Every structure is written in structure tokens, then in C-alpha cells.
Amino acid sequence: MKLSQFKFKLPEDLVALEPPHRVFKNDDGTEEKVYRRDECRLMVVHRKSQTVDMFEKDAEGKDTENYLTFRNIVDYFDEGDTFIFNDTKVFPARLYGTKEKTDAQIEVFLLRELNEELRLWDVLVEPARKIRIGNKLFFNEQGPMVAEVIDNTTSRGRTLRFLYDCPHDEFKEELYALGSAPLPRYIVDKRPATADDMENFQTIYAKHEGAVTAPASGLHFSRELMKRLEIRGVNFSYITVHCGLGCFDPIEVEDLTKHKMSSEQMIVSQEACEVVNEAKAGGHHVCAIGISTLRATETAAGTDGMLKEFSGWTNKFIFPPYDFGMADSMVTNFYHPESTMVMATAAFGGYDLVMKAYEMAVENGYKFGCYGDAMLILDD
């Protein structure tokens with residue numbers, strides 16, 4: 001397929017800058033926001049019947065005026081069905097420092113630690129043209145956190161050596177204390193990250209640190225919703241995919257077969273495989289929660305359609321047409337035009353149906369992006 005086939009007009013006001021929330025006024029006149037991650041809207045796409053549900057049904061099965069919310073996802077699954085979650089944990093990857101001598105403000109986006117002993121990190125810097133090998137960056141006027149640029153890796157990529165002499169755990173704690181939630185650029189260009197974002201931009205089941213962006217579809221699950229699913233008999237399987245920034249890289253070729261995805265580290269344990277494969281063998285539904293999970297399960301799926309243990313990296317790029325071998329349903333968000341996430345969604349749900357659903361989402365004011373609304377694709 002071609003890049004231009006995934007182009008559509010997305011009004012700026014439909015990009016969610018915050019998660020679903022309610023605003024309450026206190027007695028002193030101040031306002032307080034209460035975030036409710038499971039109260040986003042839910043659109044349900046049925047790929048076999050080629051239908052789309054947006055509204056709750058009445059006793060006669062007719063649409064009401066009430067939009068489906070994410071909490072309604074419980075109604076679409078039964079005992080023995082299995083959800084596959086990505087339990088990666090986001091760390092506060094965005095820092096702001098100043099360049100020595102010039103005091104120019106520099107954004108440093110931590111990607112991954114290269115060497116624990118030497119305090120080497122792979123980072124992105126902005127504006128990159130100002131940062132050269134040998135430059136020093138200062139991150140805290142009141143403290144000793146200093147980094148030296150020791151290598152150029154890409155046009156924006158640098159290797160930093162942090163000059164901080166202390167135990168590694170203490171260094172990481174101090175470094176993370178200077179950082180903020182690594183919200184996508186389409187949010188931080190509109191507003192700064194807040195303390196609330198470090199909680200909101202993290203799934204409630206996050207466990208293994210290493211992601212620099214959240215597995216956004218998992219953000220909708222609250223503890224209450226997880227308990228309701230558990231009571232219904234839905235099983236949970238957890239894999240780890242350390243989400244990188246590759247999904248946000250602009251695609252610069254019209255022919256999608258020529259686009260190369262950045263690699264992400266992933267781990268699929270034997271325990272996760274057992275839960276998923278038991279569900280498949282029993283004829284139950286297997287639902288991938290998010291594009292990162294979908295890419296990982298397709299990477300680790302065997303030719304027999306069963307999930308296999310895996311520890312390594314994946315750069316799988318999914319776009320139509322694609323023959324899926326693992327999950328038969330999935331949860332995803334609504335994403336920006338020409339993004340790799342839209343392409344993977346269209347591959348799973350069918351190009352025409354998904355693009356129709358996106359058109360309906362725009363017409364009905366659904367919110368897009370990591371803090372936006374959700375889509376459930378079912379194989380019925």
C-alpha cells in the first residue's frame with residue numbers, strides 16, 4: 001500500500017492533551033481534576049459483519065443516545081478469553097539542561113543506558129545543531145549532575161557520559177528526579193508535562209522499566225475494570241515490549257515496503273505463552289492490547305499459530321495486507337494520519353472498514369492520540 005492512502009484531515013481540537021477527567025470545584029474556589037482512565041469513549045469494529053458500534057443498546061437491541069465507554073469492553077468477552085498486556089514501565093525520559101558557556105537550553109531525551117559503570121546513555125538532543133562532541137551540559141543549578149557529549153550517533157542522536165560519582169542506584173534516582181513524563185511531541189508542544197502525567201502516562205500494571213513512550217491502549221485499564229474482567233473470567237497474559245520512538249518516526253517513502261521500523265526490545269516468557277496458548281487451544285478469544293503487543297505477538301508467533309518464548313528485538317512493521325497468526329481481537333487508540341499505528345490497525349481490521357471508522361470518529365468528535373479514545377476490533 002501507499003503512504004498517501006492513510007492521509008486524512010484531523011482537526012487539531014480532536015487531539016487529546018489530557019486523559020479523561022472531571023473537574024470539581026473546591027470550597028475555596030480552586031479547581032481539582034480527577035482523572036478516570038476508563039471513561040474514554042469506545043468504538044467497536046466488527047470486521048466480519050463490517051459494522052461499527054458507537055452507542056449503548058437498549059433492552060430491544062437498539063442504539064441509545066449514550067456513547068459506549070471503555071468500561072463497556074467487559075460486555076464483549078467471556079470466561080476463558082485472554083487479554084495480552086504489555087507490562088513495560090515508562091521512565092521520566094525528558095530532561096532540560098543548559099549548555100556550558102552559552103547557557104542555551106537543551107532538551108535531552110533519554111533513550112537507553114548503554115553502560116552502567118561508565119554512566120553512558122544514548123539520547124536525542126534538541127536543538128541538535130548546538131551540541132557537539134566535547135560539550136558539557138548542566139542539568140541542575142543546585143546539584144552536581146553534569147554530562148559530556150562523547151559521540152554523535154545520528155543527526156539528533158548523541159552519546160552522553162554523566163559525570164556523577166556515586167552508587168548506580170543513587171545516580172538513577174537523581175537523574176530521574178530531573179526528568180518529566182516523555183509525552184509525545186504533539187502534547188508537549190501545547191502544554192508542559194506535569195506531575196500528574198507521570199502517573200497518567202503509565203499503565204497500572206507497569207512492571208519492567210525501559211519504555212520511553214507508553215503503550216497507550218493499556219492506559220485505559222483501571223484497577224476497577226481489571227477486577228471486573230477478572231470476575232467475568234477473563235485471563236491476563238503479560239509480555240514486555242520496551243516502546244521506543246520508532247512509531248513516531250515520520251514515514252518518508254510512498255511505498256510502505258521501503259520503510260524500516262526502529263527495533264524495540266521484547267520478552268515473551270513461558271508463563272505468558274501458556275496462558276495465551278491454553279486460550280487458543282480452548283477456542284477462546286485472544287485480545288492484543290495495543291499495537292506494541294500486536295507487533296510483539298506476531299514476532300513471537302509460531303507457524304502453528306501458538307505463542308513462543310522470545311527474548312530479543314523486533315522491528316516488525318505491520319501494514320495492509322497482513323495475515324495475522326495470533327490474536328483475533330485487539331484494542332487500540334485513534335492515531336494521527338500516516339502513522340504506523342493507523343497502518344497496523346487497518347491491517348488488523350481491514351483497510352476500508354478501519355478508514356470508515358476513522359471517518360466516523362472525526363465526525364463524532366472522538367479524541368485522538370495516547371490520551372484519546374479507544375477502538376476495539378472483534379472478529380465477528
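Reader: Which strand runs parallel to β7 and is joined to β7 by three bridges?
Author: Bear in mind that this is a predicted model, where local features need pLDDT of at least 70, side-chain atom pairs count only at pLDDT 80 or more, and totals for chains, interfaces and linings use all residues. Residues are numbered from 1 along each chain as its sequence is written, and side-chain values use heavy atoms, with hydrogens and water left out. Strands here are DSSP runs of E with at least two residues, helices are runs of H or I with at least four, and both are numbered from the N terminus. In this parallel pairing Thr82 has Val286 as its bridge partner, and the strand, residues 286-289, is β18.

Reader: What stands opposite Ile84 in β16?
Author: β7 and β16 (residues 235-241) pair in the parallel sense over five bridges; pairing takes at least two DSSP bridges. Opposite Ile84 in β16 stands Ser237.

Reader: How many of the five residues of β7 are buried?
Author: Buried means under 20% relative accessible area, exposed over 50% and partly exposed in between, with a 1.4 Å probe and protein chains only. Thr82, Ile84 and Asn86 point one way, Phe83 and Phe85 the other, and all are buried. For β7, residues 82-86, the count is five of five.

Reader: In what order do the six strands close into a barrel?
Author: Start with β9 and β10, which pair antiparallel over five bridges, then go on to β11, joined to β10 by seven bridges. Further round, β13 and β14 share five bridges, with Val149 opposite Leu160. The full order is β9-β10-β11-β14-β13-β12.

Reader: Which residue takes a positive phi near 60° in the hairpin of β10 and β11?
Author: The β9 and β10 hairpin has five residues between its strands, and there Lys101 takes a positive phi near 75°. The β10 and β11 hairpin has four residues between its strands, and the residue with phi near 60° is Arg119.

Reader: Are α7 and α8 parallel or oblique to each other?
Author: Their axes are 6 Å apart and cross at about 125°; axes are lines fitted to C-alpha atoms, for helices over the stretch in contact, and angles run from 0 to 180 degrees between N-to-C directions. Under 35 degrees counts as roughly parallel, over 145 as roughly antiparallel, 65 to 115 as roughly perpendicular and the rest as oblique. Residues in contact (heavy atoms within 4.5 Å) include Val342 of α7 and Tyr351 of α8. The angle therefore makes α7 and α8 oblique.
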